[in-house]
Amino acid sequence: MADGGSSLWRVLSEAYVSLKGLLRYKEALFWVIAFPILWYTLSVAVWGSPNPPTVNVGVYNADPADGAGNLSKALVDAMRESGLFHLRFYNSSGALLEAVERGRVDAGLEIPGNFTESILEGVPARVVEVYERSSWGDFSSQMLDGFLHAFTDSIRSRAVNMSIHYLTLASPNATAAGGWANWSQYAVRWLRFIDRPLHVEAREITPPLLATPRGVRAYMAVSMMGVEALFIGLFAGTQALAERKRSGALDVILASPMRGWELVAADTLSALALVGVSSLAVALYSLPAGARYAVEPGRLALAVALLALGTLFTIGVGLLAAPLARTPEGATVIANAIAFPAMFVGGIVMPPTVLPGPLRAFAENWPLGRALEAARQALVGQATPSEALAAAAPAVAGVVVVYALGVIVYRRLLASAVEYH
Amino acid sequence: MDAVLAARGLRKVFPDGTVAVDGVSFEAGRGLTVFMGPNGSGKTTTMRMSVGALRPTAGEVEACGHRVWGPEGWRARACMGYSPQDAPFRDRLTALENLVWYGLVRGIPLGEARRRARGLLELVGLEGGASKKVAELSGGMRRRLAIAASLMGDPEVLVLDEPTSGLDPGARLHLWRLLRRLAGERAVVVSTHIPAEAEEHADRVYIFHRGRVIAEGPPASLIERHAPRARIVAEGSMPERPPSVAGAVLVEWNPGRAVYATSDPDGALPALVEGLLAAGARLERVEVRRPGLAEVYLALTGEAPAGVSGGG
Ligand SMILES: Nc1ncnc2c1ncn2[C@@H]1O[C@H](COP(=O)(O)OP(=O)(O)O)[C@@H](O)[C@H]1O
Ligand SMILES: [Mg+2]
């Protein structure tokens with residue numbers, strides 16, 4: 001074999017051992033398969049169903065009236081049916097107060113004894129809302145407020161319609177004198193205005209995939225692929241030399257016809273293969289977990305390319321950090337120290353839109369963030385593939401620069417390792 | 001001996017100032033070339049510079065007609081097979097998979113690498129261990145696997161660092177026989193710190209001492225040149241005064257033991273035994289110790305080489 005064999009196989013050598021070793025090394029198995037699936041499962045459990053949150057409301061209803069005319073009962077039933085509240089009943093205003101204070105319920109509603117009676121007599125009725133001053137307490141009371149307003153609106157509507165009814169009954173024969181008729185017409189119009197000063201017209205449209213629970217699950221699955229691109233790339237980059245020095249593999253490689261660029265290419269291919277396996281595992285797991293993707297060959301190919309792009313970037317960052325990693329343990333620390341914060345502030349596990357200003361700008365613009373968001377958009381279907389591609393385009397330049405610098409740094413490191421190691 | 005691997009004036013100074021190798025030259029052709037010397041004498045460093053793993057501070061290495069540290073260095077590397085002292089195997093991959101990795105690193109296609117790995121496992125007597133994880137192999141099996149690994153590229157030169165250290169005598173002998181067989185058709189360079197092994201198996205020995213080669217040649221001629229005299233060791237209870245014996249020189253005398261040196265042990269032995277008995281000695285045991293590379297090392301450096309007692 002004095003011809004030195006073929007580059008292709010040298011470049012495949014590392015992918016061969018990583019894939020062969022994946023199932024046999026527990027730590028590799030954990031990071032590549034178990035970790036993303038575990039995290040995905042937790043994310044779906046916590047954020048995967050975009051149902052409105054339920055507010056626990058304690059109710060003390062002192063209104064004794066019963067039968068169909070009981071308005072307090074109508075109010076409580078309507079609250080229950082809305083699905084927004086989870087109700088608990090108390091039989092004194094003290095018990096209700098205590099429940100709110102102890103946090104057993106998020107807010108309390110006290111309906112006094114004369115509630116139905118007052119409304120029927122046309123006297124303003126009174127309810128008491130109890131809540132704690134905290135963001136969740138405020139939120140709960142606003143939910144309750146909103147509901148009570150809707151209820152008030154319906155009572156007002158009835159009152160107004162009743163007024164209109166009596167007004168037209170009281171109206172003398174319209175032919176007699178024009179004055180009264182004009183006035184009553186005017187009054188009816190005015191009352192209708194009081195009843196509904198604002199007409200809100202709601203039009204329902206089919207929601208985009210992302211707004212559905214299944215879309216959110218798909219979005220999260222692609223996010224997990226991003227987490228893997230982040231970790232695997234950084235580990236591959238920072239470990240590239242440290243681990244080989246320790247094991248002695250560096251000597252074997254240096255004594256082989258393998259050249260520097262082939263070694264970098266081999267590590268890159270191995271990282272890409274692991275991200276690929278990991279992504280496939282997450283994707284397959286996410287389907288029975290309810291995720292739905294926009295599956296078209298173009299979108300799929302684009303998403304694969306974008307994930308690969310993101311992985312190249314993280315490998316590049318890892319290679320840039322490699323000179324700091326003198327031992328495999330040091331490399332692990334460095335990789336984690338970069339990956340963990342980046343996962344949160346880089347728009348990887350959470351969409352950039354939930355991040356505060358400057359972080360959001362970072363998350364939306366650093367290459368992995370951009371590539372991943374474009375991949376999510378492509379697979380969850382909010383953007384057309386060409387829009388996603390356009391969104392990711394600026395990342396390509398960043399990836400090329402960082403990866404190229406990483407390769408330069410690594411080759412220097414290799415050159416100095418040949419001098420002494 | 002046509003040299004396939006040759007080094008001239010190799011020198012290595014590490015950044016901490018250690019001069020690990022200081023002007024080593026050697027030539028290795030078909031047959032078994034052994035680097036012999038105690039730990040720290042520069043064998044590993046010389047090998048690493050020779051196979052292209054460590055750049056020399058000064059000096060030249062050529063393998064198969066190409067300069068290892070020249071622009072065509074990859075050609076030189078492609079014609080050598082190297083196994084470090086602790087071959088870096090992945091312990092949870094199988095013996096076969098590890099060999100395939102060595103093959104891929106040398107640019108051999110996957111299918112071909114598999115085929116070749118199977119053949120080599122058979123050659124080194126590991127055919128039953130192909131699907132065993134490396135972690136489950138014994139020390140001797142691991143060393144044989146390392147030899148198979150260095151053969152993956154079908155090299156013209158095999159460079160093996162301490163392939164027998166840490167093995168029991170049986171496993172050692174087995175390994176040397178294998179190396180002998182391999183040396184029949186290619187250049188095999190092996191290091192050891194055990195003089196007896198070098199003496200018994202080498203075609204040519206380089207004796208390392210503090211980063212230099214202090215002697216070289218076939219073991220017999222090294223012994224002939226540097227330590228020609230055998231020792232006759234007598235044990236028992238010795239009289240006050242040692243008798244003088246023709247053709248033998250007294251080296252050691254104490255109440256339990258007498259040692260004479262001679263260049264003609266067969267001739268001197270009867271006279272020596274007679275002389276001792278006549279002087280009143282009671283002999284329990286008399287032994288002729290023929291000189292070996294350990295004695296050569298001792299003669300050249302005044303230091304006993306490590307591992308003399310551990311010789312297999
Ligand atoms: N990477 C290194 N850095 C500094 N000193 C080293 C290094 N490698 C070997 N040495 C030193 O060089 C000398 C020769 O070592 P080595 O070649 O390993 O000898 P041997 O293989 O004969 O035991 C020793 O003193 C050793 O400590
Ligand atoms: Mg050594």
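Here is a short back-and-forth on the predicted two-chain model and its ligand site.

User: Before we start, what are the ground rules for this model?

Analyst: It's a predicted model, where local features need pLDDT of at least 70, side-chain atom pairs count only at pLDDT 80 or more, and totals for chains, interfaces and linings use all residues. Residues are numbered from 1 along each chain as its sequence is written, while chains are lettered from A and ligands numbered from 1 in the order in which they are written.

User: Why is chain A called more spread out than a compact globule?

Analyst: Put the value next to the rule. The radius of gyration is taken over C-alpha atoms, and the globule rule is 2.2 Å times the number of residues to the power 0.38. For 421 residues that rule gives 22 Å, and chain A comes in at 33 Å, well over it, so the chain is more spread out than a compact globule. The box around its C-alpha atoms, along the principal axes, is roughly 120 × 55 × 35 Å.

User: What makes up chain A in terms of secondary structure and domains?

Analyst: There are 15 helices and four strands, where helices (H or I, at least four residues) and strands (E, at least two) are DSSP runs numbered from the N terminus. The domain assignment, which is automatic or from a database, gives domain 1 (24-48 + 210-419) and domain 2 (55-195). The centres of those two domains of chain A, taken over C-alpha atoms, are 55 Å apart. Chain B is assigned domain 1 (5-225) and domain 2 (229-290), with 43 Å between their centres over C-alpha atoms.

User: Which residues does each chain bring to the contact, and how many?

Analyst: Chain A puts in 32 residues and chain B 34, with contact meaning that the C-beta atoms, placed from the backbone, lie within 7 Å. On the side of chain A that touches chain B, α1 (7-22), α9 (249-254) and α15 (385-419) each supply at least two residues. The most comes from α1(A), with nine. By class, that side has 16 nonpolar, nine polar and seven charged residues (Ala, Val, Leu, Ile, Met, Phe, Trp, Tyr, Cys and Pro count as nonpolar, Asp, Glu, Lys and Arg as charged, and the others, Gly among them, as polar).

User: Why is the site of ligand 1 called shared between chains?

Analyst: A residue is near a molecule if its C-beta atom, placed from the backbone, lies within 6 Å of it. Residues from chains A and B surround ligand 1, so the site is shared. Of the 14 residues around ligand 1, the ones that come nearest are Phe14(B), Ala20(B), Lys43(B), Thr44(B) and Thr45(B). The shell divides into four nonpolar, eight polar and two charged residues. Helix α1 (residues 43-51) of chain B gives the most to it, with three residues.

User: How do you know that α1(B) is mostly covered?

Analyst: The test is a neighbour count: a residue is buried if 20 or more other C-beta atoms lie within 10 Å of its own, exposed if 12 or fewer, and partly exposed in between, with C-beta atoms placed from the backbone. Nine of the nine residues of α1(B) are buried, including Lys43(B), Arg48(B) and Val51(B). Right after the helix comes Gly52(B), with a positive phi near 100°.

User: And what makes β8(B) a covered strand?

Analyst: Six of the six residues of β8 (187-192) in chain B are buried. In a regular strand the side chains alternate between the two faces of the sheet. Here Ala187(B), Val189(B) and Ser191(B) are buried on one side, and Val188(B), Val190(B) and Thr192(B) on the other.

User: How do you know that β3(B) and β7(B) pair with β8(B)?

Analyst: Strands pair if DSSP finds at least two bridges between them. Strand β3 (residues 31-36) of chain B has six bridges to β8(B), running parallel, and β7 (residues 157-160) of chain B has four, also parallel. Val34(B) has Val190(B) as its bridge partner, and Val157(B) stands opposite Ala187(B).

User: Why is Asp154(B) called partly exposed, and is Glu162(B) buried or exposed?

Analyst: Asp154(B) has 16 other C-beta atoms within 10 Å, so it's partly exposed. Glu162(B) has 21, so it's buried. Asp154(B) lies in the loop between α5 (139-151) and β7 of chain B and has a positive phi of about 50° although it is not a glycine. Glu162(B) sits in the loop between β7 and α6 (169-183) of chain B, and its phi is positive too, near 45°.

Terms used
Contact = placed C-beta atoms within 7 Å.
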